[in-house]
Amino acid sequence: MKIAIVHDWFVNPGGAENVIQAIIDIFPDADLFSVVDFFDDEQRKKYLIGKQTKNTFIQKLPFAKKKYRAYLPLMPFAIEQLDLTEYDLVISSSHAVAKGVITSPNQLHVCYCHSPIRYAWDMKFEYLKESGLTNGVKSLIARYFLHKIRMWDFISSHNVDAFIANSHFIKRRIEKSYRRDSKVIFPNVDVNAFSLQIDKDDFYFTASRLVPYKRLALIAEAFSKMPDKKLIIIGDGPERDKVEKIASASSNISYLGYQDYQTLKEHMMKARAFIFAAEEDFGIVPLEAQACGTPVIAFGKGGVLDTVIDKKTGFYFYKQTADSIIKAVNDFEENHSLLLEPSEIRAHAMKFSTEIFKENFKQFVLEKCEEKGIEI
């Protein structure tokens, strides 16, 4: 059986690349394809076991390494030019265009869907707002291209034989966008990289890239109104100035900027609770916190509903406002006894391990191969 694995792009490693790493471990003889691949040698060795990839013409376009996202309007056409006719099984890992590869009735195409293209569907208006494209000629051009991509995204979804969703939230998004059913298999999280710490220090913690939808400025704003509660923030990005300004005016907030992975883990282990205010498709960081035995105070929407158990491994708040976060923190302190012990919180996080992902993913794919009559 010949296998092809198709990924959107190999540029900056993240959760989707961890999934690819696990899929390659399951099918080490598979060939790899993507729109562009700019991994360095170290990244290639870690995530792709040293494999080279076959890429689209966008790889060679001007400034593609830094501006590859600018070529999004060309990506649907580009991905369709990848010739996969010699493969029996095609596995796509897609949050953009990877699932749009063309396959025949004799091939099995399984898509691990991180999300339908967010900025073409329900997050379109948020994307336009954050990009400063709400008005004017540029806005009209952007809206037109997003419309065309949305139409292509829907049409190409029907070339997938079986969808896997990375959360129940994405399962519902697939149903809404594509009118397709999907199997939920949670992505792998490297929970073993985090150690249990039972004794916690008296501070709250949050960490992320400082972009608007992560809402770290909102978390800082909430804690600026709770001077008796200490908050530590780690991260860097476009909203750094905004977060720094709030932190500098609040004696209880420490903004540490970018820190290395070990420093982040140490704070995650020692924190009284981790604060998470984003609406994510899945949300890996809350699980990493729980792997330390650290409870999570989280915005109760999106993928976090699969990973944080309300009043067991954390507490939810339901509005992305400072007042809602303040109420959740107070509820957490007043009802802390409802939470599981740190060791039990970690045990919950271990259910999302790489080993469990591999077992569930392989079983699903092999079942679909058997249904299709493809010899394994």
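User: How many salt bridges does the structure hold?
Analyst: This is a predicted model, so local features need pLDDT of at least 70, side-chain atom pairs count only at pLDDT 80 or more, and totals for chains, interfaces and linings use all residues. Residues are numbered from 1 along each chain as its sequence is written, and side-chain values use heavy atoms, with hydrogens and water left out. A salt bridge here is a side-chain nitrogen of Lys or Arg within 4 Å of a carboxyl oxygen of Asp or Glu. Counted that way, the structure holds 20.

User: Which residue meets arginine 173 in a salt bridge, 3.0 Å from N to O?
Analyst: Arginine 173 lies in helix H7, and the pair links distant parts of the chain, 51 residues apart. Helices (H or I, at least four residues) and strands (E, at least two) are DSSP runs, numbered from the N terminus. The other member sits in the loop between E5 and helix H5 (124-130). That residue is aspartate 122.

User: Is arginine 173 buried or exposed?
Analyst: Buried means under 20% relative accessible area, exposed over 50%, and partly exposed in between (1.4 Å probe, protein chains only). Arginine 173 has 6% relative accessibility, so the verdict is buried.

User: Which residues are linked with Arg173 in a network of salt bridges?
Analyst: Asp122, its partner at 3.0 Å, belongs to this network. The full set linked with Arg173 is Arg118, Asp122 and Asp281.

User: Which residue forms a salt bridge with lysine 171?
Analyst: Lysine 171 is in helix H7, and its partner is in the loop between H7 and E7, so the pair ties together parts that are ten residues apart in sequence. Lysine 171 is buried, at 19% relative accessible area, whereas the partner is exposed, at 55%. The closest N and O atoms are 2.7 Å apart, and the partner is aspartate 181.

User: Which elements do the buried residues of H7 pack against?
Analyst: In H7 (residues 168-178), the buried residues are Phe169, Ile170, Lys171, Arg173, Ile174, Ser177 and Tyr178. These pack against strand E5 (108-113), H6, strand E6 (162-165), strand E7 (183-184) and helix H12 (304-307).

User: Which element gives the largest share of the largest nonpolar core?
Analyst: A nonpolar core is a set of buried Ala, Val, Leu, Ile, Met, Phe, Trp, Tyr and Cys residues joined through side-chain atoms within 4.5 Å. The largest one has 33 residues, and Val6, Trp9 and Ile79 are among those with the most contacts inside it. Elements that give two or more residues are strand E1 (3-10), strand E2 (31-37), helix H4 (75-79) and H6. The largest share, four residues, comes from H6.

User: How many residues does the second, separate core have?
Analyst: This core includes Tyr255, Phe317, Val329 and Phe332. In soluble globular proteins, nonpolar side chains tend to be buried together. The second core has 30 residues.

User: Where do lysine 368 and glutamate 371 lie?
Analyst: The two form a salt bridge, with their closest N and O atoms 3.5 Å apart. Lysine 368 is partly exposed at 23% relative accessible area, and glutamate 371 is exposed at 61%. They are three residues apart, about one turn of the helix, and both lie in helix H15 (residues 354-372).

User: What percentage of the residues of the chain count as buried?
Analyst: The chain has 376 residues, and its secondary structure comes to 15 helices and 13 strands. Of those residues, the share that counts as buried is 54%.

Notes. Contact means heavy atoms within 4.5 Å.
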